[in-house]
Amino acid sequence: MTEKTNLSAIEKIKQESDGLRGTIVQSLGDEITWAIREDDQALIKFHGMYQQDDRDRREERAARKLDRLYTFMIRLRLAGGFLTPEQWIATHNIAGDHSTGVIKITTRQTIQLHGIIKSHIRPTIKAFNESGLHSIATCGDINRNVLCTSNPKQSVIHDQVFHYADKISKMLMPKTRGYYEIWLDEEKITDKKQEYDPLYKDNYLPRKFKIAVVIPPNNDVDVLANDIGLIAIIENNELKGFNIAIGGGLSTTHGNPDTYARLATVIGFTPGEEQTLKAVYEIVTIQRDYGNRSDRKMARLKYTVDKYGVDWFRKEIENRTGFKLEEPRPYLFTERVDYYGWTQSYDGLWHYTVFVENGRVLDDEHVALKTALLEVAKTGKANFRFTCNQNLILSDVKAEDKDSVQEVLERFNIILHTDKTSAIRKNSMACVALNTCPLALAEAQRYLPSLISKIEPLVEKHGLVNEDIILRMTGCPNGCGRSYAAEIGFVGTALGRYNLQLGGDHEGTRLNKIYKENLDEAAILQELDALFATFKKEKINGERFGDFAMRKNLVEA
Amino acid sequence: MEKVNIETEDPANNTTMLSEAKLKVLQELVSNATIEELVWINGYLSGIISHQTVKQEVIPAKAGVNKITIVYGTESGNSKKLATTFAAKAKKKGINAKVVSLDQYRVNDLPKEEYFFPIISTQGDGEPPAAAKKFYDHIHQNGFQLNKLKYSVLALGDTSYPLFCKSGEDVDSRLQSLGGSRLLPLQKCDVDFDEDANAWFTNALQVLSSNGNAVATASPVISKKPTGKKTYSGTILTHINLNDRGSNKETYHIEIAAEDVGYKPGDSIGIIPENALATVEAIITLAGIDREKTVGYKNEPVTIHELLHKKLNIVYLPERVVKKYADIVQQDIPATRMDLLDLLRIYPVKNAAQFKDVIGMLEPITPRLYSIASSPEAHNGEVHITVARNYFDINNEIKYGLASDFLSRLNMNTGLPYYVHPNTQFRLPEEDKDIIMIGPGTGIAPFRSFIAHRDAIGASGRNWLFFGEQHFASDFLYQTEIQNWVETGVLTKVNVAFSRDQKEKVYVQHKMLQEGETFYEWLESGAYVYVCGTKDPMSIDVENTLLQIVKMQGIRSEEEAIQYLDDMKEDGRYLKDVY
Ligand code: SRM
Ligand SMILES: Cc1cc2nc3c(=O)[nH]c(=O)nc-3n(C[C@H](O)[C@H](O)[C@H](O)COP(=O)(O)OP(=O)(O)OC[C@H]3O[C@@H](n4cnc5c(N)ncnc54)[C@H](O)[C@@H]3O)c2cc1C
Ligand SMILES: Cc1cc2nc3c(=O)[nH]c(=O)nc-3n(C[C@H](O)[C@H](O)[C@H](O)COP(=O)(O)O)c2cc1C
Ligand code: SF4
């Protein structure tokens, strides 16, 4: 079991937090700052929020004897990334009333609002609550939002698989009523037994925990980047069960060789719902009991798995579940994409995938995307689904409604916008980074669009416009934009400088490695120019850029 | 040297005494005199006055007066100080001297008064101090006589203001026209008032103790050229706008290097702003006058340019000055305030010579005060101020206040002359006493001084601050300093009100009310209450809220609450520095 010696500071905060309540209420009352107290900053994550500040303004405000401009980011819990049109309209309005107005689609299929002032948190959460939305446990040392392959077109039984995400999500929710008491004025519970939490106890998990469900052959959710990956095994349109993969996680720390990105290991197969859910549950309890609680850098499940070994882990699961894991079933990933434009699913419904650059929904000088989506929502004829590539699917449109949705999309040039966007841009994503992310070492979502505008000419120059090359950027080695699972990965090291990572495959089953370190923009463009030239010249038929880089030993295997 | 007629006051304002004819003679004399001549005449006249040979009948007091009333009207405490000194001297002579602040004085007692000594300063543009307003207005009504009244007025003022000791003069002449009779002629004092005041004390006491001829033997007050106040030459060390981008406000924190300056928390500094060079140039061109020509001003040669740039007020001229301008250019000009430049544009002067007359009647640039935001204990060798750039809209054109704009545009390392304006009315109590500071906007300035001071000397008393502005994000003046003081425990409590961060406006007084219970506990345990910032409406709303808290929390009637506050004033536990 976890050595109880020198527990990390966070562990103490969790244990003494009275069900994640801490002194949040008092913090909200502090008049002279927009920040909350230090311990509460750790606790509020479990309520789905992060305290942040506008990093662009720090120096100038300090000179004016003004405190940092503290605000909060809130992240919704949307298992499988689904909103009804009514919920989208509510979100649109809440974003306008209480945040920067930008709706950010994340790499984990949900949405975030930024820039919420302390005094606006309650109104925000109340408003979400009124449309049946909440942010419980979307951050913190606990199971996060559960992912599922986005596009209903993916399978006849997409809906059936999709519901697993929700079941797992609900099964792993914390029991505390803190969220409801603090933000929604619920009566304080008197009998603490009512909120006893057999799963999370009083110290929750050693670290964040992530679960994804995928429907092969499309690995759109990057299933192997998760602590637990469930790979749906479907035989002649019937869900047989799931291959279970454990120990995925991408983050590394510059200069800390003990940290590494790791893809999840497939350890077995579970048939049926009951066994699958039970296995998932017990994997979480094992991480709870054996995960590293003294060094947060080594606390993710991937390190627990490697510390005790896969076999030990499989046995421990079997001990706890009381049943044996079956041998993994064969499966194949052939792609990792969003199907832009219109697609039709087996039930005859239509789905339009909109390209949303880096997941930022707003009206800018090019397209009035935010307004357009509001208009679509108002028709009430399309649901909103989010993809793990930060895009959006206007989904479940009846054949007879397709034209009216199409009309709105044309009116606002969304169709044009999505069609004319280059392949390289459509296959790219970037994390948030500056100005809100406190951990950012370099720009990402604010910078990548302009960098791609400089890469596109190179792609054309070398006649690669139709190549689907997955390009991802993150502002630090935490890998929020899954830059380690890209064919071209940029990992920020300092303002204006990035490690260039190559060799990751197109399907997300092989991670990339560092090719060149600390490149500035000029160097990046120079490198890509050369790489594209040789790729064009020496690629074997149908060879992907990532596999080419590997074959050429551009990075060591 | 050039002949220019320098006047300091408008005869029309102040010559109820002189007949048309006499007035003409005087004006003739004055208008053709050189500076030197004027200064001489001035000295000569005051010499005569002090020797009491003027036809101003001064009636003798009965021998051995034993009961007098000394009333004072003060803003920053000087008059009060003199009143108590005078009372002490009188008591030594066995005279029972009652000292009352004019805001506490019952005007109905006036007719009963026999020996009455008002000591009053002048504020604003020749106005009485707030505390003297009630009295001042009362004696300016008619329908009552003060035949028993024998009096003498001591007037405090500052020669750098055009209406020198105006309130004192008004009270003096008014008491006479109500039937009172002077024991001594009006004594005016400049900011270095000690000498003149002492002489007046001596004279007054002699009059009171002697039997009649006292006045003649009274030691003459030798008229001396006023030395004014000590001016320091500061240098700008730091100059930052405390408001963040997007604010409606510009509030500058200015740190001035100031070697040997002596001041106490609560004091202000006075600054004489410079006029905008562009305006000065425009005026010189319009007037067609030689910028380098030197004229005499306050007995020293100054070039026209210098005069217009640094000495004379050329913007927003008072009506009295506009009127004089009209007389000079012989046109009828509506009686409203105007800038000199506009006057010159619309009602041009004939020639340079006529412009010299204009210069002659212009008034000096009046000093502006800024509360000192630093503490000698905490910021050795420095004076800090907090200046709000004053702006206003004149038919959709944004204009800025003269001094605050001047200060807002100062560059680092430029020199800045200033003087210290003490405020003995606004002092910290003993170290162990609790204080409540209410200072929205630039009202925070003296409290930054207070808190830094108490921090530096490790005072044990508790400190509670109320601050308010428009927006938390952009207008929280000295936010990080305040946060540090809260962390280190120097500030026991802080409440802030940001009026425009929510639909309904929230001001400091609302925060006081919310904290009503605690607020009253502090009052009951002897806390001192300080208010600084804008007089109207802030200080009025705050005062009403104070009354409300005393009523609600102390379960008192309106009258009792008012009494409670008056007692606090009496004990010096309710202090205001508002503007
Ligand atoms: C919004 C999002 C990136 C985006 O542009 O979409 C994001 C944003 C942040 N991530 Fe992340 N992460 C996001 C997906 C990821 C992913 C990708 C994934 O899960 O598929 C990873 C890599 C996979 C993994 O977990 O290993 C990821 C690994 C991290 C880490 C490193 C965790 C670790 O094991 O060390 C941190 C830092 C930490 O947890 O200490 C982090 C921390 C953060 C924080 C909250 C910074 C912080 O801790 O204060 C970032 C907030 C920035 C902002 O202003 O919004 N984020 N983060 C993604 C939100 C997902 C969601 O809806 O929950
Ligand atoms: C004891 C005391 C302490 C003070 N402490 C501070 C302090 O700490 N910080 C601070 O910022 N201030 C303080 N003040 C106020 C300060 O002294 C000045 O009054 C203030 O800065 C405005 O002066 P100004 O020369 O900028 O504006 P002025 O030029 O004097 O103008 C003042 C007002 O006159 C009117 N006005 C002026 N020109 C025109 C025109 N051309 N047309 C129409 N209207 C016009 C406008 O209403 C304008 O707002 C204090 C005052 C006192 C008495
Ligand atoms: C804002 C302000 C305006 C003033 N206006 C005048 C004035 O018009 N005439 C004058 O003679 N003195 C004026 N003075 C100077 C004061 O009368 C002088 O400082 C006096 O010593 C104050 O006495 P007190 O502390 O009893 O109020 C003014 C002072 C201030 C602060
Ligand atoms: S990858 Fe780094 S910079 Fe980007 S959002 Fe995650 S933590 Fe921030």
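Q: Which residues come nearest to ligand 2?
A: In this predicted model, B:Leu369, B:Tyr370, B:Thr386, B:Ala403 and B:Ser404 come nearest, out of 20 residues around ligand 2.

Q: What makes the pair formed by B:Ser404 and ligand 2 a polar contact?
A: A polar side-chain atom of B:Ser404 is 2.6 Å from an oxygen atom of ligand 2. The cut-off for a pair of N or O atoms is 3.5 Å, so this pair counts as a polar contact. Backbone N or O atoms also take part: one of B:Ala388 lies 2.9 Å from an oxygen atom of ligand 2, and one of B:Leu402 lies 2.9 Å from an oxygen atom of ligand 2.

Q: Which residues are the closest to ligand 3?
A: The closest are B:Thr74, B:Glu75, B:Ser76, B:Ser79 and B:Thr122, among 21 residues that surround ligand 3.

Q: How do you know that B:Leu163 makes a polar contact with ligand 3?
A: A backbone N or O atom of B:Leu163 is 2.9 Å from a nitrogen atom of ligand 3. That value is within 3.5 Å, so the pair qualifies. Oxygen atoms of ligand 3 are involved as well: one is 2.7 Å from a polar backbone atom of B:Glu75, and one is 2.6 Å from a polar side-chain atom of B:Ser79.

Q: What surrounds ligand 1?
A: The shell has 30 residues, with A:Thr106, A:Arg300, A:Thr436, A:Cys480 and A:Arg482 the closest. By class, ten are nonpolar, twelve polar and eight charged. Strands β1 (49-53), β2 (70-75) and β5 (111-116) of chain A each supply at least two of the residues.

Q: Why does the pair formed by A:Gln112 and ligand 1 count as a polar contact?
A: An N or O atom in the side chain of A:Gln112 is 2.9 Å from an oxygen atom of ligand 1. The limit is 3.5 Å, so the pair counts. Side chains of two arginines also reach oxygen atoms of ligand 1: A:Arg300 at 2.7 Å and A:Arg482 at 2.7 Å.

Q: How are helices α12(A) and α13(A) set relative to each other, and what makes the label fit?
A: The axes of α12 (residues 369-379) and α13 (residues 402-411) of chain A cross at roughly 165° and come within 9 Å. Angles over 145 degrees count as roughly antiparallel, and therefore these helices are called roughly antiparallel. The contact uses A:Ala372, A:Glu375, A:Val376 and A:Thr379 of α12(A), and A:Val405, A:Val408 and A:Leu409 of α13(A). By class, that contact has five nonpolar, one polar and one charged residues. The crossing is right-handed.

Q: Is α10(A) roughly parallel or roughly perpendicular to α11(A), and what makes it so?
A: The axes of α10 (residues 301-308) and α11 (residues 310-321) of chain A come within 6 Å and cross at roughly 105°. The range for roughly perpendicular is 65 to 115 degrees, so α10(A) is roughly perpendicular to α11(A). A:Leu301, A:Thr304, A:Val305 and A:Tyr308 of α10(A) meet A:Val310, A:Trp312 and A:Phe313 of α11(A). This contact has six nonpolar, one polar and no charged residues.

Q: What is the omega of the cis peptide bond from A:Pro216 to A:Pro217?
A: Omega is near 10° for this bond. A:Pro217 is in the loop between β7 (211-214) and β8 (228-235) of chain A. Another cis bond joins B:Asp536 and B:Pro537, with omega about 5°, and B:Pro537 lies in helix α19 (residues 535-554) of chain B.

How values were computed
Residues numbered from 1 in each chain as written. Chains lettered and ligands numbered in written order. Predicted model: local features only at pLDDT ≥ 70, side-chain atom pairs only at ≥ 80, totals over all residues. Heavy atoms only, no water. Near = heavy atom within 4 Å. Polar contact = N/O pair within 3.5 Å; in protein donor to acceptor, adjacent residues only side chain to side chain. Helix = DSSP H or I, 4+ residues; strand = E, 2+ residues; numbered from the N terminus. Nonpolar A, V, L, I, M, F, W, Y, C, P; charged D, E, K, R; others polar. Axes fitted to C-alpha atoms, helices over the stretch in contact; angles between N-to-C directions. Parallel < 35°, antiparallel > 145°, perpendicular 65-115°, else oblique. Left-handed = near helix turned anticlockwise from the far one by under 90°. Contact = heavy atoms within 4.5 Å.
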